[in-house]
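Reader: Please take a close look at the ligand site in this model. Describe what surrounds the ligand, and then the elements that supply or adjoin that part of the fold.

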Amino acid sequence: MTNPIIQIRQLQKRFAANGTDIVALQDVDLDIAPGEFVTLVGASGCGKSTLLRIVGGLEPASGGSVDVDGQPIAGPGIDRAMVFQHYSLYPWLSVTDNIKFCRQLKVHRDVSTLSDVESAEGRADALIRLMGLSHVANAYPNQLSGGMQQRVAIARALMARPRILLMDEPFGALDAQTREVMHDLILHVSILEKTTVLFVTHDVEEAIYLAHRVVLMAPRPGRIAAVHTVPLPDHRDQDMKQTPDFIAKKKQILAGIRNTSGMQTDYELLERLGQVPAP
Ligand SMILES: Nc1ncnc2c1ncn2[C@@H]1O[C@H](COP(=O)(O)OP(=O)(O)OP(=O)(O)O)[C@@H](O)[C@H]1O
């Protein structure tokens, strides 16, 4: 891969908890190309969120490096925006003001020209249209469904034109139909804005549908177990989930999660103990 936008090398993260050392990430190497959509899946505790938070600059690494555009990251930056499962909107601000909020802070901090302010207004209006929020632009978060609130959170994250969007189970709290709508929306937006996306999920179907590559992580210690290239064209549609390639990839990744999670079925446990009941 030439000139990755994110380059992760030998990344380590240890947490000390109750006198024990937890290896949340060990020797993680990953390059992500500009405009690529990469999803992270794996058993609970394999370090998905920790990896995302380190790339977001919210958590320091214990070793190794994360470079963005060839520069080591030093804390959060305007080039990276995060979206979490819980929408974290400001309840006292309208949809429009929530989307413009960070921009307004910047306008207060810096000496901005009228054209800066106007271009921010134009950007907010464009995002409101793009995210299908025009009819609720003046509503408040508590008047919106979960799906609509998450659209606002994504629009707000995109406001500063981040090159990288870091998403931690952003659709985990939504119903199945709303998730499908959000999948097509985030794919459309990421292609249109040429945004690189790193996306954590527990849902393997979601992981495949959205991604160019699915990174399978394994726990204890947290590490990359496999990287799966998704055999689908860039422009996706929901019918692709029924194709043999999609179904085969889903089976392969689910088996990978089972094999790396250390979980075993009751049958496997009995078999190991030599106590399989006679047929
Ligand atoms: N602040 C912390 N202090 C101590 N241990 C932590 C901390 N944050 C994460 N861990 C531990 O690091 C490991 C990786 O956690 P992380 O949340 O990144 O995993 P995950 O794959 O995102 O899990 P899940 O799928 O359940 O959200 C886990 O064992 C977790 O308990």
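Author: The ligand site comes first, followed by the sheet and two helices.

The model is predicted, so local features need pLDDT of at least 70 and side-chain atom pairs count only at pLDDT 80 or more, while totals for chains, interfaces and linings use all residues. Residues are numbered from 1 along each chain as its sequence is written, and side-chain values use heavy atoms, with hydrogens and water left out.

The shell around the ligand includes Phe-15, Ile-22 and Ala-24, the run Ala-43, Ser-44, Gly-45, Cys-46, Gly-47, Lys-48, Ser-49 and Thr-50, and also His-202. Here a residue counts as near if one of its heavy atoms lies within 4 Å of the molecule. By class, the shell holds 5 nonpolar, 6 polar and 1 charged; Ala, Val, Leu, Ile, Met, Phe, Trp, Tyr, Cys and Pro count as nonpolar, Asp, Glu, Lys and Arg as charged, and the others, Gly among them, as polar. Strand E2 (20-32) and helix H1 (48-55) each give at least two residues to the shell, and H1 has the largest share, with 3 residues. Helices (H or I, at least four residues) and strands (E, at least two) are DSSP runs, numbered from the N terminus.

Three side chains make polar contacts with ligand oxygen atoms: Ser-44 at 2.5 Å, His-202 at 2.7 Å and Lys-48 at 2.8 Å. A polar contact is a pair of N or O atoms within 3.5 Å; within protein, one must be able to donate a hydrogen and the other to accept it, and residues adjacent in sequence count only if both atoms are side-chain atoms. The protein buries 63% of the 630 Å² that the ligand exposes when taken alone, by the Shrake-Rupley method with a 1.4 Å probe; for residues, only the protein chains shown count as cover.

E2 also belongs to an open, antiparallel sheet of 4 strands in the order E2-E1-E4-E5. Its edge strands are E2 and E5 (71-72), each pairing on one side only. Strand E1 (residues 6-17) is joined to E2 by 9 bridges, and Ala-16 stands opposite Asp-21 in E2. Two strands pair if DSSP finds at least two bridges between them.

Two helices complete the account. Gln-150 lies in helix H4 (residues 146-158) and is buried, with a relative accessible area of 0%; buried means under 20%, exposed over 50%, partly exposed in between (1.4 Å probe, protein chains only). The Gln-150 side chain reaches the backbone oxygen of Pro-170 at 2.5 Å. In helix H5 (residues 176-193), the buried residues include Arg-179, Met-182 and His-183.

How values were computed
The expected span of a helix is 1.5 Å times one less than its number of residues.
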